[in-house]
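Visitor: Please choose one part of this molecule and take me through it closely, with its surroundings and the cut-offs behind each term that you use.

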Amino acid sequence: MKLTGLHVPAITQFDANGEVDLAKSKEWVEILVQSGVNGVVAVGTTGEAYALTLDERLAVAKAVVDQVAGRVPVLAGVGGEQEHHAGALEAFVERRGDEVLFAQHGGVDPRVVDQDVARERTEQRHERAAK
């Protein structure tokens, strides 16, 4: 597959409680597609993937792929801090067959966000998911 044009990161949407809002995420993806983008990037570095649990990342990727419905390519990020997370995301993309796989570093850039705040938020999300 040859990728050309503008491929826009789909920023993961959250509700007032800080939980992933798949319906709002799908609405945002629809806006991107209707605006004429050539592709959508799911759970990449702009999609807050570093702060999501594996299940949340898979749910967001699936929601994006389902909403796009083959109209444009979806690039699904598989980078992560834990190798088994990347493997699970790669397996998801491979099962889809028609999507594009890419990888990015799973860390947090200290020039962009306060690492202590990002780490605390990530730990809180993982604790909630474990309950």
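Guide: What follows is a close look at one helix, after a short word on the chain as a whole.

This is a predicted model, in which local features need pLDDT of at least 70 and side-chain atom pairs count only at pLDDT 80 or more, while totals for chains, interfaces and linings use all residues. Residues are numbered from 1 along each chain as its sequence is written, and side-chain values use heavy atoms, with hydrogens and water left out.

The protein chain has four helices and four strands, these being DSSP runs (H or I of at least four residues for helices, E of at least two for strands) numbered from the N terminus, and along the sequence they follow the pattern β-α-β-α-β-α-β-α. Of its 131 residues, 38% count as buried, where buried means under 20% relative accessible area, exposed over 50% and partly exposed in between, with a 1.4 Å probe and protein chains only. Of the contacts (heavy atoms within 4.5 Å) with a separation of 6 or more, 73% join residues 24 or more positions apart.

The helix to look at is H2, residues 54-68, which gives five residues, the largest share, to the largest nonpolar core. Such a core is a set of buried Ala, Val, Leu, Ile, Met, Phe, Trp, Tyr and Cys residues joined through side-chain atoms within 4.5 Å; this one has 18 residues, among which Val40, Val64 and Val68 touch the most other members. Besides H2, helix H1 (22-34) and strand S2 (39-42) each give two or more residues to the core. Leaving aside neighbours within four places in sequence, valine 64 is in contact with Ala10, Val29, Val40, Ala42 and Val74.

One side of the picture is the packing of H2 with H1, whose axes come within 9 Å and cross at roughly 40 degrees. Axes here are lines fitted to C-alpha atoms, for helices over the stretch in contact, with angles from 0 to 180 degrees between N-to-C directions. The two helices are therefore oblique, since angles under 35 degrees count as roughly parallel, over 145 as roughly antiparallel, 65 to 115 as roughly perpendicular and the rest as oblique. In this contact Leu22, Lys26, Val29, Glu30 and Val33 of H1 meet Ala59, Val60, Ala63, Val64, Gln67 and Val68 of H2.

Individual alanines of H2 differ in their accessibility: alanine 61 is buried at 1%, whereas alanine 59 is partly exposed at 28%. The C-alpha of alanine 61 is 9.8 Å from that of threonine 12, 49 residues away along the chain, and the C-alpha atoms of alanine 59 and leucine 22, 37 residues apart, are separated by 7.8 Å.

Beyond the helix, alanine 69 is found in the loop between H2 and strand S3 (74-77). Alanine 69 is exposed, with a relative accessible area of 56%, and its phi is near 50 degrees, a positive value in a residue other than glycine.
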